[in-house]
Structure formats: C-alpha cells, structure tokens
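Biologist: Please take one strand residue of this model and look at it closely. Then work outward from there to the core and the charged pairs.

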Amino acid sequence: MTAPQTLQTAPMTAATSPRVNLMPPEIAEAARFRQIQVLLGAGVLFAVVIVALLYLHAHSGVSNAKSELTQAQDQQTQLQAKLSSLAPVQQTLDEVQAKQALLNTAMGAEVRWSYMLNDLAFRMPSQTWLTAMGVTEDATSDAPAPAAGDTLGAPAPTSTAPVPIGTITFSGVGFEKDDVARWLEAMAKVKGYLDPTFNSLATGTIGDHDNVTFQGVVQITSDLFSHRFDGSATSTTSGAAQ
C-alpha cells in the first residue's frame, strides 16, 4: 500500500492575484475619446498659430511693399519736380547747340589769312621777294569774295579731300632764274597751296645788280580752312614749326 498523497498548493501572493476591471467599457471608451479630442484640439490650435504667423508675415511684407512703393512714388515726384525746374536749362542748351550749328555752317569756310601769310613768309627763299599778291575766288563758289584780312568766301567741302577754293597771283623779284625755281619749290610746300606755276619771267636790273621779275599763280585748297568752329581746329603755321 502506498501512502496517501496530499495536494500542496502554493500560497497566492499579491503579484499573482488576479485583477478584476470593474470599470464599464463605455467609461474607458469615453476617456479615450476625450484624449483624441484633446490631441485634435491641440493640432487645430497649432495650425491656427501657424496660420496666424503666416498671416502676420504676409501682412508685414505687404506693408513693407506699400511703404517702398510710397517712397518710390515720392522720389519720382521729387525727380519730376527737379526735371521740370531744369526745363529752362535744357531749352537754353538746345538754343546754344542750334546757334553753334549755325555758326559752323556760316564759318565753315573761314581762312585765317594771317596764318597763311606767316607760313608763306617762312617758306620764301632768301633770294626772292614779293612785290604784289592778290586772291581770287574760285568761279565755282557761290559765296562772296573775302575782305582783306578776313575769310575767303567758299562753301565748306563735303569731302575730306582738299578741294580748290580759289587762286593767288604773285608778282616777285629774284636775283636769277634759279631763284624763281627755288621759289616754286617753296610754294609747293606751303599748306593749302596746289600746283604753283609762273606765267611770265623777265630780266632786268636794280641798280648795278641783275635781276629777274616774275609773275606766278597757285591754287589754294580747303586745307586752309581753320575749322575753329567745328572743334577740329589745327594750326596752319606749318612753316613756323619747321
């Protein structure tokens, strides 16, 4: 016979004691719903804050843009007022430019004869001298002949190449015929002179010295124009520089 077995049960502790939830499920569901509502409300509030910040930023940008527009309009008004105040100055400037253009047209054919004569004096050979000279206007010119010491009346050329504008006749004396040849060579070097030639040559005496008298002619060209009034004036006293 076997000894009777006894059942031993472990004593129950608080950790292993069963829990009984006596809260009705409706109450738990309501609690979870309130939690969801709180989260949704917080999200809506956050979205409202973000929208409010964006609105304030946009409103600030619009205000700045309006302020800049107002400043730009004020500056435009001020500049327009200054421009209006300068209108008489512009009118005066236009008048000056118009008169300058008229002066250029009127004086475009000016010849400074003193400069030309100075150049001629530097070019004259030492063994010849002039007794008379005269200027004749080119027959193709419609302008009046120049007064003595003034300007030659001839229209300003339309080309940059020199064109004949008249002639100068000379009467002179030299010691011998070779002096006349040297005189022709010298005249060819005077600025504005073209094709110097002599028309007549005669021998004679002055006191105990033999001499020759001659008459010559040379064309003058538009190189003699001073250009003082068109801003491109250059010195015509080439002989002085040489």
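**A strand residue and its surroundings**

Modeller: D210 is in strand β4; helices (H or I, at least four residues) and strands (E, at least two) are DSSP runs numbered from the N terminus. Residues are numbered from 1 along each chain as its sequence is written, and side-chain values use heavy atoms, with hydrogens and water left out. This is a predicted model, in which local features need pLDDT of at least 70 and side-chain atom pairs count only at pLDDT 80 or more, while totals for chains, interfaces and linings use all residues.

D210 is exposed, at a relative accessible area of 57%. Here buried means under 20% relative accessible area, exposed over 50%, and partly exposed in between (1.4 Å probe, protein chains only). Leaving out residues up to four places away in sequence, D210 touches F175, G204 and T205, where contact means heavy atoms within 4.5 Å. F175 lies 35 residues from D210 along the chain, yet their C-alpha atoms are separated by 6.4 Å.

Strand β4 also takes part in the largest nonpolar core: α3 (113-123), β2 (164-174), α4 (177-187) and β4 each supply at least two of its residues. Such a core is a set of buried Ala, Val, Leu, Ile, Met, Phe, Trp, Tyr and Cys residues joined through side-chain atoms within 4.5 Å. This one has 22 residues, and those with the most contacts inside it are I168, F170, W183, M187, Y193 and I220. Helix α4 gives the most, with five residues. Beyond four places in sequence, Y193 touches M116, L120, I168, F170, M187, V218, Q219 and I220. In soluble globular proteins, nonpolar side chains tend to be buried together.

The charged pairs come next. The whole structure has three salt bridges, a salt bridge being a side-chain nitrogen of Lys or Arg within 4 Å of a carboxyl oxygen of Asp or Glu. In helix α4, D179 pairs with R182 at 2.3 Å between the closest N and O atoms. These two are separated by about one helical turn because they are three residues apart in α4. R182 also bridges to E176, at 3.7 Å. Shared partners join E176, D179 and R182 into one network. D179 counts as buried at 2% relative accessibility, while R182 is partly exposed at 36% and E176 is partly exposed at 40%.

In helix α3, D119 and R123 form a salt bridge at 3.9 Å. D119 is buried at 1% relative accessible area, and R123 is buried at 18%.
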